[in-house]
Amino acid sequence: MWDALIVGGGISGVYAAYLLREKGYRVLVLEAQSRLGGRLYTVYTPEGWPVDLGGQWVGPQQTHLLRLIEKLGLGFYPTPMQGDHLLVLPEGGIQRYKGSIPKLPWLALVDLGWGLHRFRAKMKAVHPQAPWHITEPTWEAITLAEWSRSQFRTILARELFNTGMATVLGCEPEEVSLWHALFYARSAGSLEALIETEGGAQAYKITPGASVLVETLAQFVPYQIDQPVIQITYCPDKVEVRTLRGDTFQARWAIIAIPPAMTARIHWSPPLPPLYQQLGQRMPMGAITKVVAFYERPFWRDKGYSGHVVKLAGALRTLFDTSPPNATYGQLTGFGVGALARALLTVSPEARTDHYQQELTKLWGTPPQRLYVQAWSGEPFIGGGYGGYFPPGGWRFCGQVLRKPLPPLYWAGTERSPAWMGYIEGALIAAQNAVENYTKY
Ligand SMILES: Cc1cc2nc3c(=O)[nH]c(=O)nc-3n(C[C@H](O)[C@H](O)[C@H](O)COP(=O)(O)OP(=O)(O)OC[C@H]3O[C@@H](n4cnc5c(N)ncnc54)[C@H](O)[C@@H]3O)c2cc1C
C-alpha cells in the first residue's frame, strides 16, 4: 500500500509527488498518456530545436516557478520585444506601434482606456481566496462579451479588448462569465501581469523547453505512464484506484491532479457528492490552438519589427517572437482564437495547418520553413486549454468545492489555485496546497 497515489502526471501532479517524497512519503504518479507533462509538451524539430506546444513562459511575479527553475538548475531567456509591433485591423490595414497599447484613433483610444479602467476597478470586488462569495451577483450572471458590448462605444476598442481577453483566457468572451474574467486577472495580481510581455506573464521563455521541468522532477518520483485511471473507490482512510489496463493500486490518500472537467470521466465509488459532480460538468476547458512557426532567421528584425503582432481578423490573433537569444533560427509563437479558429477545429489537421500557413505567409510575405499547430481541444485526457473556466453560474453554484478536500481525496491542478489559475505557477501552488491540506485534515 502506498501513502499517496497521484492521479495525473502534469506539472502539478509530479510536483505534488516531488514534495511528498521530500517529506519521506511513498507516492506513485499515474498518468493516462504515454508521456508526462500534460499541458507542458515540448517536441523537437529534426534539427533538435525545441517546440513548446503547451506552456512555455514564466513572468517575474511567478515566484514559485522561478524558484523551482533555479532549484532544478534550469534557465530562461527574455522574450525579444525590440522594434515596432504590428496591429492588423479588421479590414486588413496594418499599423505599427510601440508599447502595450496600439495607436488607435483618439476616440477608440479613450474608449479602450476607460473600459480597461472600469475592468480594473471591478477586479477589487473578487476575493481570490474565496471567489464563490459573489459580492456583485449581476457580474456573475453575465458573460464577458455582454459586459464588453455594454461598455465600449467603438468597435475597435471592443474588438481589441475581446481579442486580448480571448487570447489570455483561451476561450471566447461569449463563453466566460465577467466574474471569472475578473477573478482570473485578480488571481494574477493585475491585468497588466496577465497581458504584458515585458514585466508580465510572457516575459521569459523556459529553456530548453518547458517539458524539461517535469522531466527533471520526474527523476525523483516513481510514476507509471499509459495508466488512465477509470475508477476510484474511497473511504475515509483508504483509496483504491483502478486503471484501464486493469491494474489496481491502494493508498492512504490520493491527490487528483487533473482538470475538473476530466473528473467526470472517472467512476467514483461512492459517487462524488452533488456539487463535486456538478463541477465536473460546469467547468469546461478553453479551446486554444497554438501555432509555432520556424524561419531561417528572425528576418522581421531587419525591417524594424519586434515580431509581436495583434490581429483583429483571421484565426491567428497574436504572435510573439520566441527566437533563441543567439538567433540561430527565427521562431514565432501564435495563438488561434475567435470564430475562425473555432471553425478550423472542424476540419482535418492538415487543412487547419494549411490555413495557419496561409495566414502567416500573407502577413510576412514569406512562408514558414516549418509549422507546428496544436489544437488542445483534441487532447483526450485534458480536453482543451489553456485551462478550465466558469461560464455564468459556475463560481456561484460550484466554486465552493473547487479547492475543498474530500478526505482521503485532495485536489491539485492549476484550476484549483487561488493565484495564477491557468498557469504553471497556479499548478505549483495547487500542488503545494494539496500537500499541505493532507497534513491539516
Ligand atoms: C497552448 C498553451 C499555452 C500555455 N502557455 C503557458 C505559458 O506560457 N505559461 C504558463 O505558465 N502556463 C501556460 N499554459 C498553461 C499551463 O501549461 C498549465 O496551467 C499547466 O501545465 C497545467 O498543469 P496541470 O498539471 O495542472 O494540468 P495538466 O498539464 O493538464 O496535467 C493533468 C494530467 O492528468 C492526466 N490525466 C487526465 N485524466 C487522467 C486520468 N483519468 N488518469 C490518469 N491521468 C489523467 C492528463 O493526461 C495530464 O497529463 C499554457 C497552456 C496551453 C494549453
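Start by selecting helix 7 and everything that covers its buried residues: in this predicted model, that cover includes helix 3 (106-123), helix 4 (137-141), helix 5, helix 6, helix 8 (191-195) and helix 14 (394-398). Show those elements as cartoons and keep helix 7 as sticks.

How many of the 10 residues of helix 7 are buried? The count is 10 of 10, so helix 7 is largely enclosed by the rest of the structure. Click along the helix and you will pass Leu 178, Trp 179, His 180, Ala 181 and Leu 182, then Phe 183, Tyr 184, Ala 185, Arg 186 and Ser 187, each of them buried. Carry on just past the end of the helix to Gly 189, where the backbone takes a positive phi of about 100 degrees.

Next, select helix 5, residues 144-151. Colour Leu 144, Trp 147 and Ser 148, which are its buried residues. Which side of the helix are they on? They share the same side of helix 5, because they cover an arc of only 100 degrees around the axis. Now bring back two neighbours: the buried residues of helix 5 pack against helix 6 (155-169) and helix 7 (178-187).

Now for a pair of helices. Two packed helices are described by the angle between their axes and the distance between those axes. Select helix 1 (residues 11-22) together with helix 9 (residues 211-218); they pack at an angle of about 30 degrees, and their axes are 9 Å apart. Angles under 35 degrees count as roughly parallel, so helix 1 is roughly parallel to helix 9. Turn the view to look through one helix at the other, and you will be facing a left-handed crossing.

To see what makes the contact, show side chains for Ile 11, Val 14, Tyr 15 and Tyr 18 on helix 1, and for Leu 213, Val 214, Leu 217 and Ala 218 on helix 9. Try colouring them by class: the contact has 8 nonpolar residues, with no polar and no charged ones.

For the last stop, centre on Pro 259, in the loop between strand 13 (248-256) and helix 10 (260-263). Is this proline buried or exposed? Pro 259 is buried, since 26 other C-beta atoms lie within 10 Å and the cut-off for a buried residue is 20 or more. Leaving aside residues up to four places away in sequence, Pro 259 touches Met 285, Ile 382, Gly 383, Gly 387, Gly 388, Gly 413 and Glu 415. Finally, draw a C-alpha to C-alpha distance from Pro 259 to Gln 82: the two are 37 Å apart in space and 177 residues apart in sequence.

Methods. Residues numbered from 1 in each chain as written. Predicted model: local features only at pLDDT ≥ 70, side-chain atom pairs only at ≥ 80, totals over all residues. Buried ≥ 20, exposed ≤ 12 C-beta atoms within 10 Å, placed from the backbone. Helix = DSSP H or I, 4+ residues; strand = E, 2+ residues; numbered from the N terminus. Arc of directions from axis to C-beta. Contact = placed C-beta atoms within 7 Å. Axes fitted to C-alpha atoms, helices over the stretch in contact; angles between N-to-C directions. Parallel < 35°, antiparallel > 145°, perpendicular 65-115°, else oblique. Left-handed = near helix turned anticlockwise from the far one by under 90°. Nonpolar A, V, L, I, M, F, W, Y, C, P; charged D, E, K, R; others polar.
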